[in-house]
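This report examines aromatic packing and strand pairing. The structure under discussion is shown below.

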Amino acid sequence: MKRFIFSVFISLFLFFLFSSPLCAIDISVIGGLEDITVEPEHLFRGKSGGLAGSYESKEGATMINITGTAGTDDAWEVRVRMKASSWPKEMALQLRRTGDGDGGGALEGGLSYVPIGESDIFFFSGSGDRTAIPIRYKISGISLSVPSGRYSAVITYTVVDL
């Protein structure tokens, strides 16, 4: 008798678990920060001058797509972080959203440059499916005191269902 009650309980639990539609919000990221090469012609005021204060990527260097929402009222937020093993501490990587993309729902935040580091930070929020959200990058702190070399970072975008 105990075995039968247990299996009925398991069956009811699985029925309630799977009776509602399961939705998973997905994020896809296309593109990235292209190589920025600092050349001698980037010097200003001759050899005794310095480098430009910052370098920006092209507009829409990255496109973000948020799909799989449960409708235009399904709220979410995008968080971002970077991992860089040899990134000079003098240099800062920032990003911003430069448009709304396409789709239903709404977007909020992320229109000003946000500095990113090794911990997740809030980037922008929205609702509903949105595609082709354009992102632009900015690197600042490049100077003659930063050792020459090739620096890279892995940028991770995460969507959180609210």
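W76 has a relative accessibility of 0% in this predicted model, and it therefore counts as buried, the cut-off being under 20%. F124 is likewise buried, with a relative accessible area of 0%.

**Aromatic pairs**

The structure holds 2 aromatic pairs. A pair of aromatic rings is described by the distance of the centres and the angle of the planes. The values for each pair are as follows.

| Pair | Distance of centres | Angle of planes | Geometry |
|---|---|---|---|
| W76 and F124 | 6.0 Å | 80° | edge-to-face |
| F123 and F124 | 5.0 Å | 70° | edge-to-face |

W76 belongs to strand 6 (residues 75–83) and F124 to strand 10, so their pair ties together parts that lie 48 residues apart in sequence. In the other pair, F123 and F124 are both buried. Through these ring pairs, W76, F123 and F124 are linked into a cluster.

**Charges over rings**

F124 also takes part in an arrangement with a charged side chain: the charged end of R97 sits over the ring of F124, 5.6 Å from the ring centre. R96 lies over the face of Y113, at 5.2 Å from the centre of that ring.

**The setting of strand 10**

Which strands are joined to strand 10 by bridges? Strand 6 and strand 10 run antiparallel and are joined by 6 bridges. Strand 8 (residues 107–108) also runs antiparallel to strand 10, with 2 bridges between them. S125 of strand 10 has a partner in each case: E77 stands opposite S125, and S125 is also the bridge partner of E108. Of the 7 residues of strand 10, 5 are buried, so this strand is largely enclosed by the rest of the structure.

**S127**

Strand 10 comprises residues 121–127, and S127 is found in it. Is S127 buried or exposed? Its relative accessibility is 13%, and S127 therefore counts as buried. The side chain of S127 reaches the backbone oxygen of T72 at a distance of 2.9 Å. T72 is also among the residues that S127 touches, when those up to four places away in sequence are not counted. The others are D73, D74, A75, W76, G104, G105 and A106. W76 thus appears both as a contact of S127 and as a member of the ring cluster with F123 and F124.

How values were computed
Residues numbered from 1 in each chain as written. Heavy atoms only, no water. Helix = DSSP H or I, 4+ residues; strand = E, 2+ residues; numbered from the N terminus. Buried < 20%, exposed > 50% of the residue type's maximum accessible area, 1.4 Å probe, protein only. Polar contact = N/O pair within 3.5 Å; in protein donor to acceptor, adjacent residues only side chain to side chain. Contact = heavy atoms within 4.5 Å. Phe/Tyr/Trp six-rings, centres within 6.5 Å; stacked < 30°, edge-to-face > 60°. Lys NZ or Arg CZ within 6 Å of the ring centre and 35° of its normal. Pairing = 2+ DSSP bridges.
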